[in-house]
Amino acid sequence: MTVDALTDVVGLRVGHATRIGDGWLTGTTVVLAPEGGAVAAVDVRGGGPGTKETDALDPRNVVQKVEAVVLTGGSAYGLDSASGVIAWLEERGRGVRVGPGPAHVVPVVPAACVFDLGRSGDFRARPDAATGRAAVEAAAASEPGAAIEEGSVGAGTGATVGQMKGGVGTASVVLASGVTVAALVVANASGSVMDPETGVLYGELLQGGGRTVCPAAEVHEAARRRLAETSAKNTTPSLNTTLAVVATDADLTRAQAQKLAGTAHDGFARAIRPVHLLNDGDSVFALSTATRPLPSDGPLALNEILAAGADAVTRAIVRAVRAAGSVEGPGGVWPAYEELYGN
């Protein structure tokens with residue numbers, strides 16, 4: 001049984017830590033790999049990324065697997081949340097072994113952040129090591145294959161897309177070969193996720209197969225007026241980022257995983273316009289749990305997985321936007337898409 005989520009890749013678990021109220025509107029999301037780690041790679045295309053340990057994922061370098069990936073709010077300050085995940089892993093002897101003793105490990109935990117500073121009033125309210133620890137503990141406590149909470153949670157708590165609320169979304173597909181490909185996204189983009197002429201989500205235009213139903217003209221006009229009114233109240237800058245983790249159970253090399261991370265950015269481009277700007281930090285991590293052989297179709301066997309990864313990212317962005325809830329606070333007002341247009 002699948003739940004249309006990143007956790008359909010057997011062995012992966014996801015946990016959120018969410019802070020809301022009293023100046024807080026932020027959080028952290030952790031993707032926890034099976035013990036022993038997962039093959040990992042990254043592709044960074046935004047002009048303003050905030051990341052940690054991404055160089056370690058270069059296929060030319062020594063680290064083979066990682067135990068966790070951290071996605072967090074708080075801009076560069078929020079990267080401190082990875083410290084809490086590192087400490088949790090160290091306590092369990094999980095990481096790159098650097099000595100003979102069971103405690104001689106160094107957990108390599110790649111992390112990336114989105115900009116959400118000040119969106120609930122307090123610029124200093126951002127994730128820290130305790131937030132990261134809470135998120136990894138939530139991941140570890142979850143059941144295998146559990147559904148993932150979407151919307152304004154974890155790293156997507158303070159996320160926005162254009163002038164609307166963003167958040168966390170996830171999606172998966174099982175290919176004819178039996179391989180599972182899945183994505184988890186934090187949608188926090190400077191660009192828009194919807195067609196300004198119709199109100200249709202860009203990601204749904206591509207999924208509709210020519211059958212996409214546009215909102216009624218009067219609904220779209222009312223939404224446009226509301227967005228114009230609320231955008232004037234927003235005082236925090238549009239310094240944003242969309243993040244994703246794309247995962248598969250196919251047995252990929254690190255170079256193949258890096259290719260998967262790169263083509264997954266196509267999913268961003270289908271759902272967000274414009275994308276990969278100088279004030280974005282758009283980054284995709286790829287994970288392979290390597291529990292299923294890559295289909296034996298020659299050197300092009302990876303193509304189906306690459307295409308599925310991009311499609312999963314697009315669907316995850318749509319789900320993030322549709323699951324998000326409206327936010328109004330000292331930092332601004334961001335209506336939710338479904339509040340404006342319905343479902």
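1. A definition before anything else: a residue counts as buried when its relative accessible area is under 20%. V318 comes in at 7% relative accessibility, so V318 counts as buried. Keep in mind throughout that this is a predicted model.

2. Staying with V318 for a moment, you'll find this residue in helix α7, which covers residues 303-323. What does V318 touch, leaving aside its neighbours within four places in sequence? The contacts are L201, G203, E204 and Q207. A171 is also worth a look from here: the C-alpha atoms of V318 and A171 are separated by 9.7 Å, while along the chain the two residues are 147 residues apart.

3. Now the overall picture. You can count eight helices and 17 strands in the protein. The radius of gyration is 19 Å and the globule rule gives 20 Å for 343 residues, so the protein is as compact as a globular protein of that length. If you want dimensions, the C-alpha trace spans about 65 × 45 × 35 Å along its principal axes.

4. On burial and surface: 57% of the 343 residues count as buried. The accessible surface comes to about 13500 Å², and carbon and sulfur atoms account for 52% of that surface. As for how the chain meets itself, take the contacts between residues at least 6 apart in sequence: 78% of them join residues at least 24 apart.

5. Charges, for anyone who likes to count them: there are 27 positive and 36 negative side chains. The centres of these two sets lie 1 Å apart.

6. One open sheet has five strands, in the order β1-β2-β6-β9-β4, with mixed pairing. Its edge strands are β1 and β4 (51-52), each of which pairs on one side only. Starting from the β1 edge, β1 (residues 13-21) runs antiparallel to β2 (residues 24-32), and nine bridges link the pair. To find the register in the viewer, look for R19, which stands opposite T26 in β2. Next in the order comes β6 (residues 68-72), which pairs with β2 in the antiparallel sense over five bridges. Here L32 has A68 in β6 as its bridge partner.

7. The turn joining β1 and β2 deserves a closer look. The two strands make a hairpin with two residues between them, and D22 sits in that loop. D22 has a positive phi of about 55°, although it is not a glycine. Is D22 buried or exposed? D22 is exposed, with a relative accessible area of 80%.

8. The other open sheet I'd point out has six strands, ordered β5-β3-β15-β14-β13-β12, and its pairing is mixed too. β5 (65-66) and β12 are the edge strands, and each pairs on one side only. Within this sheet, β3 (residues 38-44) and β15 pair in the antiparallel sense over six bridges. V39 stands opposite S288 in β15, which gives you a handle on that register.

9. At the β12 edge, the strand covers residues 167-174, and six of its eight residues are buried. An edge strand, then, that is mostly covered. Eight bridges join β12 to β13 (residues 180-187), and the two run antiparallel. V173 is found opposite V181 in β13. The hairpin of β12 and β13 has five residues between the strands, and G178 in this hairpin takes a positive phi near 95°.

10. Back to β15 for a backbone oddity. Which residue of strand β15 should you check? I'd go to A290, which lies in that strand. A290 has a positive phi of about 55° although it is not a glycine. In contrast to D22, which is exposed, A290 is partly exposed, with a relative accessible area of 31%.

11. Last point, and easy to miss when scrolling through: the peptide bond from R273 to P274 is cis, with omega near -10°. Where does P274 sit? Its place is in the loop between α6 (254-271) and β15 (283-292).

Methods. Residues are numbered from 1 along each chain as its sequence is written. This is a predicted model: local features need pLDDT of at least 70, side-chain atom pairs count only at pLDDT 80 or more; totals for chains, interfaces and linings use all residues. Side-chain values use heavy atoms; hydrogens and water are left out. Helices (H or I, at least four residues) and strands (E, at least two) are DSSP runs, numbered from the N terminus. The radius of gyration is taken over C-alpha atoms; the globule rule is 2.2 Å times the number of residues to the power 0.38. Buried means under 20% relative accessible area, exposed over 50%, partly exposed in between (1.4 Å probe, protein chains only). Contact means heavy atoms within 4.5 Å. Accessible areas come from the Shrake-Rupley method with a 1.4 Å probe; for residues, only the protein chains shown count as cover. Lys and Arg count as positive and Asp and Glu as negative; His and the chain ends are not counted. The place of a charge is taken as NZ of Lys, CZ of Arg, CG of Asp or CD of Glu. Two strands pair if DSSP finds at least two bridges between them.
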